[in-house]
Amino acid sequence: MPSQHAIEVFAFLNFTIVGLSLVLRPGSWARFFLWMRREGEAGAVIYGLLCVLWGSLIVSFHPDWHGILAILPLFGALQLLEGLVFLLSPYFGLRLMAIFTEDRLALIRLLGLVALVLAAVIFVVLLPVTA
């Protein structure tokens, strides 16, 4: 399996699982972000590293910026930028993280729906390739 196709499958699986989790368990995510905020700079570093890991995988293995799947390297680049913010300016990152509270579960669910739409787009594009 070529690496570009492999990262598309990787992204599909991650968007699906995380998207379902965000939609079905938004309170768990709100508590996760609260826990990271309580950890201060260490919480920002944890989140920043997750963003850099996810983003760098996508950007490294999906270099094509054309067609409908250009959303993948775009998402990867946004994740790298988010990781950069959290790692270089942790207090700003922690303020961003404060948006996701138990009072705003609808916002967390909305992010889950976005992830599921991305998974669906990838699935529709991948279906002919894997069939």
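What follows is a quick look at the main pocket, one buried histidine and one helix of this predicted model. Local features need pLDDT of at least 70 and side-chain atom pairs count only at pLDDT 80 or more, while totals for chains, interfaces and linings use all residues. Side-chain values use heavy atoms, with hydrogens and water left out, and residues are numbered from 1 along each chain as its sequence is written.

The largest pocket (an open set of points on a 1 Å grid over the protein atoms alone, where a 1.4 Å probe fits, with protein on both sides within 12 Å along at least five of seven lines) holds about 1,000 Å³ of space. Its lining, meaning residues with an atom within 4 Å of a point, runs to 30 residues, and Tyr47, Trp54, Phe75, Gln79 and Glu82 sit nearest the centre. Helix H4 (helices being DSSP runs of H or I, at least four residues, numbered from the N terminus) chips in the most, with 7 residues. By type, the lining splits into 27 nonpolar, 2 polar and 1 charged.

His62 is found in the loop between H3 and H4. With 2% relative accessibility, His62 counts as buried (under 20% relative accessible area, 1.4 Å probe, protein chains only; exposed is over 50%). Its side chain makes a polar contact of 2.8 Å with that of Glu8 (N or O atoms within 3.5 Å, one able to donate a hydrogen and the other to accept it). Beyond neighbours within four places in sequence, His62 also touches Ile7, Leu69 and Pro73, among others (heavy atoms within 4.5 Å).

In H5, Pro90, Gly93, Leu94 and Met97 are buried. These fall within an arc of 100° seen down the axis, so they line one face of the helix; the arc is taken from the directions from the helix axis to the C-beta atoms. Tyr91 and Arg95, on the other side, are exposed. The cover over the buried residues of H5 includes H2, H3 and H4.

Conventions:
Grid points are joined across faces, edges and corners, and a volume is the space filled by probe spheres set on the points. Helices (H or I, at least four residues) and strands (E, at least two) are DSSP runs, numbered from the N terminus. Ala, Val, Leu, Ile, Met, Phe, Trp, Tyr, Cys and Pro count as nonpolar, Asp, Glu, Lys and Arg as charged, and the others, Gly among them, as polar.
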